[in-house]
Amino acid sequence: MADAKEMSSGADAHVPKSQSDMADSTHVVEPRPEGWMYRGFKIGKKEFWYASPKIQLLMVALVCFLCPGMYNALQGLGGGGQVDPTVQDHASTALYSVFAVVAFFSGSVANKIGIRATLTIGGLGYCIYAGSFLCFNHTQNVGFVIFAGAYLGLCAGLLWTAQGAIMMSYPSEQSKGRYISWFWIIFNLGAVIGSLIPLGQNINNTGGTVTDGTYIGFIVLMAVGAILAISIVNADKVIRDDGSRIILMKNPTWQSEFIGLWECISLSPWVVALFPMFFASNIFYTYQQNGLNGAHFNVRTRSLNNLLYWLAQIFGAVIVGYSFDIPKVRRSVRAKVSFSILFALTFVIWGGGWAWQRKQVSRAVSSEESYEAQKIDWTESGFIGPMFLYIFYGLYDSVWQTCIYWYMGALSNSGRKTANLAGFYKGLQSAGAAVFWRLDGLHYEFETLFAATWAVCAASLLIAAPIIFLKITDTTELEADLKFSDETIEDVVAPGALPTALGTEKAGGV
């Protein structure tokens with residue numbers, strides 16, 4: 001019996017306790033399974049295979065590049081490219097209302113039907129949404145635009161939950177910041193390239209509505225993205241560089257996944273303190289796109305602003321994402337520093353925004369047809385200041401989103417749990433967006449929208465602060481993640497990282 005105890009304690013000493021332990025392990029990585037998805041190929045000195053976290057992140061980023069990336073480019077024109085933003089306000093309210101409900105439960109759906117099916121279904125709604133505006137240009141069919149918005153809400157809830165699970169659970173703890181950064185770069189390149197379409201189409205157009213060719217370009221690219229989603233592999237097929245696998249449920253049922261949704265909150269009730277930050281994470285688009293860009297710039301200048309906004313997002317994601325992976329700084333310290341910077345930016349950038357907004361004409365004046373000729377053009381001297389303000393708004397958005405994703409990824413490495421967290425995030429994010437698009441649809445003054453947006457962002461940070469400062473530790477214990485699934489350590493840790501003493505222990509016990 002003494003020998004058995006010694007062997008057991010020796011085994012436990014070598015069993016990886018966290019992903020950090022697995023990354024630091026010097027175990028020999030065993031050969032990958034047979035099959036095309038595990039066949040390696042080299043780019044430079046690095047080896048890749050299709051069912052690896054990097055390639056799968058690339059694939060989901062390309063889908064988001066073509067679907068929500070192009071959607072962002074379309075929305076960034078202000079009013080969906082229309083002179084009167086009312087129809088787009090109604091569509092966005094329907095979109096985010098449905099999105100909020102679907103996304104809250106979509107983590108359970110993704111865990112049951114798999115990442116690939118969830119992402120494929122999620123990609124279908126984007127081209128229909130763009131097509132509804134093309135239809136509206138010729139038929140003034142408001143009902144179809146609102147239906148397309150609601151249908152996109154259903155699809156987007158699924159797509160973004162699948163994307164969040166991939167981005168937060170596939171990489172190791174040491175590389176989550178880079179993975180978020182890589183995704184955000186590729187995703188926002190979609191918005192950048194999508195912004196070039198209306199800029200090229202409307203470079204000589206100082207009028208109101210964008211051309212039919214702009215909408216057709218968006219429809220084609222979004223349809224390609226929906227088809228590409230079929231090529232994603234499910235999470236149970238993915239193998240990391242160290243040979244480890246994603247923590248999932250081996251035998252998920254609808255009952256187990258809806259119970260898991262409840263357990264995600266009941267086992268960690270403090271996570272609700274992040275919910276206000278989730279709610280605030282998309283509300284600023286309403287004021288920025290319609291209250292600033294759409295209200296005060298002509299169509300070609302709006303297109304240029306849109307391009308610069310998404311370029312700023314890429315810049316912000318690179319800086320913040322790579323900063324999160326600095327190995328010489330402990331993870332808990334990185335969390336505190338990043339949160340303090342985000343808090344400071346909230347007052348610096350939005351304070352500058354208020355100094356500009358309070359000098360602008362009222363909403364009623366900016367909506368008059370006669371005001372169209374007075375809107376700012378890029379050839380005017382008054383363009384530079386608000387242009388840089390809009391760039392900084394784009395930077396702020398990327399910092400906010402990158403921070404939230406990294407905070408959630410720092411709380412768990414489980415594919416099952418991060419899918420539920422992503423669902424909560426996108427659901428509450430969409431609820432916030434629905435509220436603010438509705439306020440815009442009711443024609444509240446732009447100053448009111450500005451003040452409400454700034455106040456909610458600042459308050460949400462104060463509420464989330466205790467979680468960032470107290471709950472994000474230097475590593476996430478493997479045992480804590482396994483509690484949220486029916487898998488064992490042998491299912492997820494690379495075979496070579498498990499000590500041979502485990503087998504000896506079992507033999508001694510018999």
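Which residue forms a salt bridge with Asp325? In this predicted model, the partner is Arg178. The legends below present that contact together with further close-up views.

**Figure 1. The salt bridge between Asp325 and Arg178.** The closest N and O atoms of the two side chains lie 3.0 Å apart. Asp325 is located in the loop between α14 and α15 (331–357), while Arg178 belongs to helix α9, so the contact ties together parts of the chain that are 147 residues apart in sequence. Asp325 counts as buried because its relative accessibility is 9%, below the 20% limit for that class. Arg178, at 27% relative accessibility, counts as partly exposed. The count of salt bridges in the model comes to eight, and Figures 2 and 3 each show another.

**Figure 2. The salt bridge between Lys54 and Asp241.** Here the closest N and O atoms are 3.4 Å apart. The pair links distant parts of the chain, with Lys54 in helix α3 and Asp241 in the loop between α10 (212–228) and α11, a separation of 187 residues. Lys54 counts as partly exposed because its relative accessibility is 27%. Asp241 is likewise classed as partly exposed, with a value of 48%. Both residues return in Figure 4, where they are among those closest to the centre of the largest pocket.

**Figure 3. The salt bridge between Asp440 and Arg363.** The side chains of Asp440 and Arg363 meet at an N to O distance of 2.7 Å. Asp440 lies in helix α18 and Arg363 in helix α16 (residues 363–366), and the pair links distant parts of the chain that are 77 residues apart. Asp440 and Arg363 are both buried.

**Figure 4. The largest pocket and its lining.** The volume of this pocket is about 400 Å³. Its lining comprises 18 residues, of which Lys54, Ser172, Ser175, Tyr179 and Asp241 are the closest to the centre. Two or more lining residues come from each of β2 (46–48), α3 (53–66) and α9. By class, the lining of the largest pocket divides into seven nonpolar, four polar and seven charged residues. The charged members include Lys54 and Asp241, the two partners of the salt bridge in Figure 2.

**Figure 5. The largest cavity and its lining.** The model holds three cavities of 30 Å³ or more, and the largest of them has a volume of about 270 Å³. Its lining consists of 26 residues, with Asn72, Tyr96, Trp160, Asn282 and Tyr285 the closest to the centre. At least two lining residues are supplied by each of α4 (68–75), α5, α8 (142–169), α9 (176–201), α13 (284–296), α14 (299–323), α17 (384–411) and α18 (415–441). In the lining of the largest cavity, 16 residues are nonpolar, eight are polar and two are charged.

**Figure 6. The covered helix α4.** Helix α4 is mostly covered, with eight of its eight residues buried. These buried residues are Pro68, Gly69, Met70, Tyr71, Asn72, Ala73, Leu74 and Gln75. Asn72 is also one of the residues closest to the centre of the largest cavity, and α4 itself supplies at least two residues of that lining.

**Figure 7. A nonpolar patch on the surface.** The patch is formed by Val101, Phe105, Ile113, Ile121, Leu124, Trp254 and Phe258, which together have about 600 Å² of accessible area. Helices α5 (86–113) and α11 (254–266) each supply at least two of its residues. The most is given by α5, with three residues. Phe258 is found in helix α11 and counts as partly exposed because its relative accessibility is 38%.

**Figure 8. Two residue pairs separated in sequence.** Ile467 lies in helix α19 (residues 446–470) and is buried, with a relative accessible area of 6%. Ile467 and Leu411 are 56 residues apart in sequence, and their C-alpha atoms are 9.9 Å apart in space. Gln374 is located in the loop between α16 and α17. With a relative accessible area of 55%, Gln374 counts as exposed. Gln374 and Asn298 are 76 residues apart in sequence, with a C-alpha to C-alpha distance of 8.5 Å.

Key. Residues are numbered from 1 along each chain as its sequence is written. This is a predicted model: local features need pLDDT of at least 70, side-chain atom pairs count only at pLDDT 80 or more; totals for chains, interfaces and linings use all residues. Side-chain values use heavy atoms; hydrogens and water are left out. Patches are made of residues with over 30% relative accessible area and no salt bridge: like charges are joined within 9 Å, nonpolar side chains (Val, Leu, Ile, Met, Phe, Trp, Tyr) within 5 Å. Accessible areas come from the Shrake-Rupley method with a 1.4 Å probe; for residues, only the protein chains shown count as cover. A salt bridge is a side-chain nitrogen of Lys or Arg within 4 Å of a carboxyl oxygen of Asp or Glu. Helices (H or I, at least four residues) and strands (E, at least two) are DSSP runs, numbered from the N terminus. Buried means under 20% relative accessible area, exposed over 50%, partly exposed in between (1.4 Å probe, protein chains only). On a 1 Å grid over the protein atoms alone, a cavity is a set of points where a 1.4 Å probe fits but cannot get out, and a pocket is an open set with protein on both sides within 12 Å along at least five of seven lines; lining residues have an atom within 4 Å of a point. Grid points are joined across faces, edges and corners, and a volume is the space filled by probe spheres set on the points.
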